[in-house]
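Work through the following exercises with the model open. Each task is followed by a solution in steps.

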Amino acid sequence: MERKIVTTSTIKELKAKGQPLTMLTAYDYAMAKNIDEAGVDMILVGDSLGNVMLGYSSTVPVTMEEMLHHTKAVVRGTQYALVVGDMPFMSYQTSEQLGLENAGRLLKEGGCQAIKLEGGSEICPLVEKMVQAGIPVMGHIGLTPQSVNQFGGFKVQGKELVAAQKLVADAKALEAAGAFCIVIECVPEALTAKITELLTIPTIGIGAGKYCSGQVLVCNDLLGMSKGFTPKFVKKYRFLQAEIVGAVSEYITDVRQGNFPSGEHTFTIDEEVLEKIY
Ligand code: KIV
């Protein structure tokens, strides 16, 4: 079947058809190319690149310049999926003007087709202005990692009545402001199900159960690219960390034992030429 380029209209159509949406993060050209080839609907250049690619302990230090650098690489590797660029901490919180300018930079310089930003009703006036300016916006509610210092850690959100009511109100406000989609992170499944039922736009869950319109995972988590703590909501489809360490160990042994490079990896020169050199 011929593959089509995914746009925000495609996302709407897939939701209307009841086809679950798929999104994965990517941060570089090579990974974007592979994920795109596999057929994912959307690629998120998440600010999780702070943790995954840059080794920060949270997403807080990530800058606009870092987001732009990685977004450009992902866009170069993507042919079909809709690429969403993440707005980093403090790129939109201080003024609407700054937020609009930075969202514009992600589209104009980064080359992505939509942006994502964290927050509920408090950011809706900004979301409205972005949408009016022609920028497709993906919302993000629940456990919003840029606010980790306020939450006091990475905890499930919306378990108490007031917090659950706020999440419902935030989701409705984002839809009314013109967001085309909302990521819901670390929220109890039954609450996400209610929110999804109440909205016409799709919800994309991460740690939010199966009743969303779609799912997102960090690609390095899905591939098992590192050892150590794994959040409950992550399913590791492969354990590439062990594969990588194994392959590199074999290379080290081969070089030390003189087994690499062998004839098949080596260039030759005519003996005659060689003899005439000196
Ligand atoms: O930055 C990110 O990767 C995200 C996803 C986890 C939704 O925001």
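**Exercise 1.** Which residues surround the ligand?

*Solution.* The model is predicted: local features need pLDDT of at least 70, side-chain atom pairs count only at pLDDT 80 or more, and totals for chains, interfaces and linings use all residues. Residues are numbered from 1 along each chain as its sequence is written, and side-chain values use heavy atoms, with hydrogens and water left out.

Step 1. Take a residue as near if one of its heavy atoms lies within 4 Å of the molecule. The ligand is then surrounded by Thr25, Leu44, Gly46, Asp47, Ser48, Asp86, Lys116, His140, Val183 and Ile206.

Step 2. Sort this shell by residue class: 3 are nonpolar, 4 polar and 3 charged. (Ala, Val, Leu, Ile, Met, Phe, Trp, Tyr, Cys and Pro count as nonpolar, Asp, Glu, Lys and Arg as charged, and the others, Gly among them, as polar.)

**Exercise 2.** List side chains with a polar atom facing an oxygen atom of the ligand, and state how much of the ligand the protein covers.

*Solution.* Step 1. Search for polar contacts (pairs of N or O atoms within 3.5 Å). A polar side-chain atom of Ser48 lies 2.5 Å from a ligand oxygen atom; for Asp47 the distance is 3.0 Å, and for Asp86 it is 3.3 Å.

Step 2. Compute accessible area by the Shrake-Rupley method with a 1.4 Å probe. On its own the ligand has 260 Å² of accessible area, and the protein covers 95% of this.

**Exercise 3.** Describe the largest pocket and its lining.

*Solution.* Step 1. Lay a 1 Å grid over the protein atoms alone; a pocket is an open set of points where a 1.4 Å probe fits, with protein on both sides within 12 Å along at least five of seven lines, and lining residues have an atom within 4 Å of a point.

Step 2. The largest pocket holds about 900 Å³ of space, the volume being that filled by probe spheres set on the points. Its lining has 39 residues, with Ser48, Val218, Asp221, Pro231 and Phe233 nearest the centre. Elements giving two or more residues to this lining are α3 (49-52), β6 (181-185), β8 (214-217) and α10 (219-222). (Helices, H or I with at least four residues, and strands, E with at least two, are DSSP runs numbered from the N terminus.)

Step 3. The ligand sits in the largest pocket, meaning that more than half of its atoms lie within 2 Å of the grid points.

**Exercise 4.** Locate Met90 and state the sign of its phi.

*Solution.* Met90 is in the loop between β3 (82-86) and α5 (96-110). Its phi is positive, about 70 degrees, although Met90 is not a glycine.

Note on methods:
Polar contact = N/O pair within 3.5 Å; in protein donor to acceptor, adjacent residues only side chain to side chain.
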